[in-house]
Amino acid sequence: MLKVAWSSLYAHPLPKGHRFPMEKYELVPEQLLYEGTLSAANFFEPEKADEQWITAVHDPAYVDRLKNQDLSRAEIRRTGFPLSQALVDRELHIMQGSVMAARYALEFGIGMNIAGGTHHAFADKGEGFCLLNDIAIAANYLIAAQGIEKVLVVDLDVHQGNGTAALFAGRPEVFTFSMHGAHNYPLHKETSDLDIALQDRTDDATYLELLADQLPRLMDAEAPDFIIYQCGVDVLASDKLGRLGLSLAGCKERDRLVLQSARTNDVPIMCCMGGGYSESLRDIIEAHANTYRLAQEIFF
């Protein structure tokens with residue numbers, strides 16, 4: 001059975017006019033339930049993440065300051081969110097959602113988190129709507145607690161997974177692959193194990209050809225025991241922050257390539273949603289929903 005992490009805490013209230021579309025964390029599960037792609041049995045509600053797994057990735061002093069809401073104004077501004085206890089609680093639940101989704105993936109082949117993909121968080125700081133890094137926390141959990149020897153991070157959000165790249169630099173047990181906009185945030189890119197920087201308005205055919213070429217090579221060369229897939233939908237041409245040129249059909253085919261590669265090679269995969277900032281919420285919801293539709297089609 002497909003197991004999906006979700007909590008009502010995910011849809012955190014933000015000031016009016018804020019550019020982050022928190023509504024999607026309510027609308028995506030509602031759509032999936034409405035159309036019958038998922039039922040209530042598919043969802044599980046995560047608790048707060050165990051501090052041992054958070055501090056395995058993040059500086060304990062930073063974690064303490066975050067929990068005590070003791071970040072500076074500059075640090076808070078860098079995250080993009082007003083800091084509050086409710087926001088911290090949300091982050092802790094999202095982290096555990098990805099850990100538990102990874103555990104379910106070991107059992108069922110795939111597990112998913114309605115939120116997560118917080119790839120801009122570094123060991124000692126947050127930025128870009130990311131306070132803690134669920135990808136790194138889940139990867140460390142898999143290696144330390146589940147005996148996984150090699151994790152492949154496939155990060156296809158339009159923004160480079162800079163925090164994840166920095167956290168796993170020099171760590172051969174985790175291979176980081178980021179395919180992102182060359183001229184997009186973050187201005188300073190970190191060095192992933194494999195970076196593919198795309199020009200503005202890259203279209204479906206170009207994008208999919210590059211991805212279809214890389215995935216088999218990575219599966220052969222790295223022989224991962226587990227894949228963590230950051231499937232942000234800010235690659236869409238309609239995205240306000242994206243600068244790429246993918247259609248909804250192209251974004252869906254992107255997901256199909258990744259999920260089918262995992263299934264064909266019998267490698268468990270955990271999917272975390274990442275970004276999406278299209279003017280129309282309908283585009284965001286449809287693109288995210290496609291990932292779940294494909295998960296059911298390919299794995300079950």
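Strands β5 (residues 174-181) and β6 run parallel and are joined by 5 bridges. The description given here is of a predicted model. Within this pair, G181 has L198 of β6 as its bridge partner. Strand β6 itself covers residues 194-198. One face of β6, made up of L194, I196 and L198, is covered, while the other, with D195 and A197, is uncovered.

The pairing of β5 with β6 belongs to a wider arrangement. An open sheet is formed by 8 strands, in the order β2-β1-β3-β8-β7-β4-β5-β6, with parallel pairing. The edges of the sheet are taken by β2 (43-44) and β6; each has a single partner strand, so one side of each is left without a neighbour in the sheet. Elsewhere in the order, strand β4 (residues 151-155) is paired with strand β7 (residues 226-230) in the parallel sense, over 5 bridges. In this pair, V153 has I228 of β7 as its bridge partner.

I228 also appears in the description of the interior. The largest nonpolar core contains 99 residues, and those with the most contacts inside it are F177, Y207, I228, L259 and I269. The element that gives the most to this core is helix α5 (residues 85-108), with 10 residues. When residues up to four places away in sequence are not counted, I228 touches I135, A138, A139, L142, V151, L152, V153, V154, M270 and C272. V153 is thus both a contact of I228 and its bridge partner.

Helix α5 was examined further. Of its 24 residues, 17 are buried, and the helix is described as mostly covered. The length of α5 agrees with expectation, because 24 residues at 1.5 Å a residue should span 34 Å and the end C-alpha atoms are 34 Å apart. Just after the helix, G109 adopts a positive phi of about 95°.

One residue of α5 is the glutamate E91. E91 is buried, with a relative accessible area of 1%. Leaving aside residues up to four places away in sequence, E91 touches L131 and L132. The C-alpha atom of E91 is separated by 23 Å from that of L32, and the two residues are 59 residues apart along the chain.

Charged side chains were then considered in pairs. The count of salt bridges comes to 12. One of these is formed by E51 and K67, whose side chains meet at 2.6 Å, N to O. This pair links distant parts of the chain, with E51 in helix α2 (residues 51-55) and K67 in helix α3 (residues 60-67), 16 residues apart. E51 is partly exposed, at a relative accessible area of 34%. K67 likewise counts as partly exposed, at 26% relative accessibility.

A further salt bridge joins the side chains of E173 and R171, at 2.5 Å, N to O. E173 has a relative accessible area of 22% and is partly exposed. The value for R171, also partly exposed, is 24%. The side chains of R293 and E286 meet in another salt bridge, at 2.9 Å, N to O. E286 counts as partly exposed, with 31% relative accessibility. R293 and E286 do not stand alone, as E35, E286 and R293 are linked in a network of salt bridges.

The cysteines were examined for disulfides, and a search of the whole structure finds 0. For C231, the closest cysteine sulfur is that of C271, and the separation of 5.0 Å is too far for a bond. A disulfide requires sulfur atoms within 2.5 Å. For C251, the closest cysteine sulfur is that of C231, at 8.4 Å, which is again too far for a bond. C231 counts as buried, at 0% relative accessibility. C251 is also buried, with a relative accessible area of 1%.

Methods
Residues are numbered from 1 along each chain as its sequence is written. This is a predicted model: local features need pLDDT of at least 70, side-chain atom pairs count only at pLDDT 80 or more; totals for chains, interfaces and linings use all residues. Side-chain values use heavy atoms; hydrogens and water are left out. A nonpolar core is a set of buried Ala, Val, Leu, Ile, Met, Phe, Trp, Tyr and Cys residues joined through side-chain atoms within 4.5 Å. Buried means under 20% relative accessible area, exposed over 50%, partly exposed in between (1.4 Å probe, protein chains only). Helices (H or I, at least four residues) and strands (E, at least two) are DSSP runs, numbered from the N terminus. Contact means heavy atoms within 4.5 Å. The expected span of a helix is 1.5 Å times one less than its number of residues. A salt bridge is a side-chain nitrogen of Lys or Arg within 4 Å of a carboxyl oxygen of Asp or Glu. Two strands pair if DSSP finds at least two bridges between them.
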